[in-house]
Amino acid sequence: VDNLRGILVKHDIEAGDLFLEVTESAYTKDSDQIISTVKVLRKWGFRIEMDDFGNGYSSQNMLSTLPIDALKLDMEFVRNAFRKQKDPKMLEIIIGIADYLGVPVVAEGVETDEQIEALQAIGCDIAQGFYFDRPLPKEAMEKRLTGCLYDIE
């Protein structure tokens with residue numbers, strides 16, 4: 001927590017502008033320590049995402065005890081829902097739980113029109129993946145962002 005607060009001060013960043021990711025597997029290793037640390041971080045204004053949800057360790061207890069601000073679905077969990085059986089029902093159930101908890105859902109690893117359309121239909125809030133673009137080197141991303149900035153008057 002002190003290291004993160006130091007980074008905020010050094011770079012003049014607001015805690016609420018950042019999402020910190022806690023992997024599902026980290027939670028399962030020492031849930032009490034993770035929960036207490038996350039509570040402190042949230043008091044300081046940091047936002048917390050549960051990352052890699054659905055990679056094999058998921059539990060209802062984790063969702064109900066760890067205070068989070070967003071739930072990120074593991075890319076393999078998303079991809080598997082669209083493979084042979086093409087049944088995103090489990091995704092729909094997880095999105096329903098996230099809705100109940102009042103947190104947005106981010107689907108990782110989205111690659112096709114079919115996935116985007118199905119995720120929108122079941123209420124997924126945010127999608128990320130190669131569907132939108134491949135990872136870019138820093139210079140290419142800076143150039144792209146610079147080209148997108150303009151004043152609206």
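Q: How far apart are the end C-alpha atoms of helix H6 (residues 89-101)?
A: This is a predicted model, so we're checking its geometry against what a helix should give. H6 has 13 residues, and at 1.5 Å a residue these should span 18 Å. The model agrees with that expectation, with the end C-alpha atoms of H6 separated by 19 Å.

Q: Which residues of H6 are buried?
A: To count as buried, a residue has to come in under 20% relative accessible area. In H6, the residues that pass are Leu91, Ile94, Ile95 and Ala98.

Q: Within what arc do the buried residues of H6 fall, seen down the axis?
A: The buried set here is Leu91, Ile94, Ile95 and Ala98. Looking down the axis of H6, they line one face of the helix, because their arc is 100°.

Q: What covers the buried residues of H6?
A: Two kinds of element turn up in the cover, helices and strands. On the helix side there are H5 (75-81) and H7 (113-121). The strands included are E2, E3 and E4 (105-107).

Q: Which residue follows H6, and what is its phi near?
A: Right after H6 comes a glycine with a positive phi. That residue is Gly102, with phi near 75°.

Q: How far apart are the end C-alpha atoms of helix H3 (residues 31-43)?
A: Run the same kind of check here: H3 has 13 residues, and at 1.5 Å a residue the span should be 18 Å. The model agrees, as the ends of H3 are 18 Å apart.

Q: How wide an arc around the axis do the buried residues of H3 cover?
A: The buried residues of H3 are Ile34, Ile35, Val38 and Leu41. They sit on the same side of H3, because the arc they cover is only 130°.

Q: Which residues are exposed on the other side of H3?
A: Ile34, Ile35, Val38 and Leu41 make up the buried set of H3. Go round to the other side and you find two exposed residues, Asp32 and Lys43.

Q: Is Gly45 buried, exposed or partly exposed?
A: Gly45 follows H3 and has a positive phi, near 105°. You'll find Gly45 in the loop between H3 and strand E2 (47-53). Its relative accessible area is 27%, and the middle class runs between 20% and 50%, so Gly45 is partly exposed.

Q: Which residues does Gly45 touch, not counting those up to four places away in sequence?
A: Gly45 sits in the loop between H3 and E2. Its C-alpha atom is 9.9 Å from that of Phe19, a residue 26 places away along the chain. As for actual touching, the residues are Ala15 and Gly16.

Q: Is Lys72 buried or exposed?
A: Lys72 has its place in strand E3 (residues 70-73). Anything under 20% relative accessible area is classed as buried. Lys72 has 6% relative accessibility, so Lys72 counts as buried.

Q: Which residues is Lys72 in contact with, leaving aside its neighbours within four places in sequence?
A: Val40, 32 residues away in sequence, is 21 Å from Lys72, C-alpha to C-alpha. The contacts of Lys72 include the acidic-named residues Glu21, Glu49, Asp51, Asp52 and Glu108. The full list is Glu21, Glu49, Met50, Asp51, Asp52, Phe53, Val106, Glu108 and Gln128.

Q: What is the phi of Asp52 near?
A: Asp52 has its place in strand E2. Its phi is positive in a residue other than glycine, with a value near 60°.

Q: Is Asp12 buried or exposed?
A: Asp12 is in the loop between helix H1 (2-11) and strand E1 (19-23). It has a positive phi, near 50°, despite being a residue other than glycine. Its relative accessibility is 71%, and the cut-off is over 50%, so Asp12 counts as exposed.

Q: What pattern does the chain follow along the sequence?
A: The chain has eight helices and five strands. Read along the sequence, they follow the pattern α-β-α-α-β-α-β-α-α-β-α-β-α.

Q: How far apart are the centres of the positive and negative side chains?
A: The chain carries 17 positive and 28 negative side chains. The centres of the two sets are separated by 4 Å.

Note on methods: Residues numbered from 1 in each chain as written. Predicted model: local features only at pLDDT ≥ 70, side-chain atom pairs only at ≥ 80, totals over all residues. Heavy atoms only, no water. Helix = DSSP H or I, 4+ residues; strand = E, 2+ residues; numbered from the N terminus. Expected span 1.5 Å × (residues − 1). Buried < 20%, exposed > 50% of the residue type's maximum accessible area, 1.4 Å probe, protein only. Arc of directions from axis to C-beta. Lys, Arg positive; Asp, Glu negative; His and termini not counted. Charge placed at Lys NZ, Arg CZ, Asp CG, Glu CD. Contact = heavy atoms within 4.5 Å.
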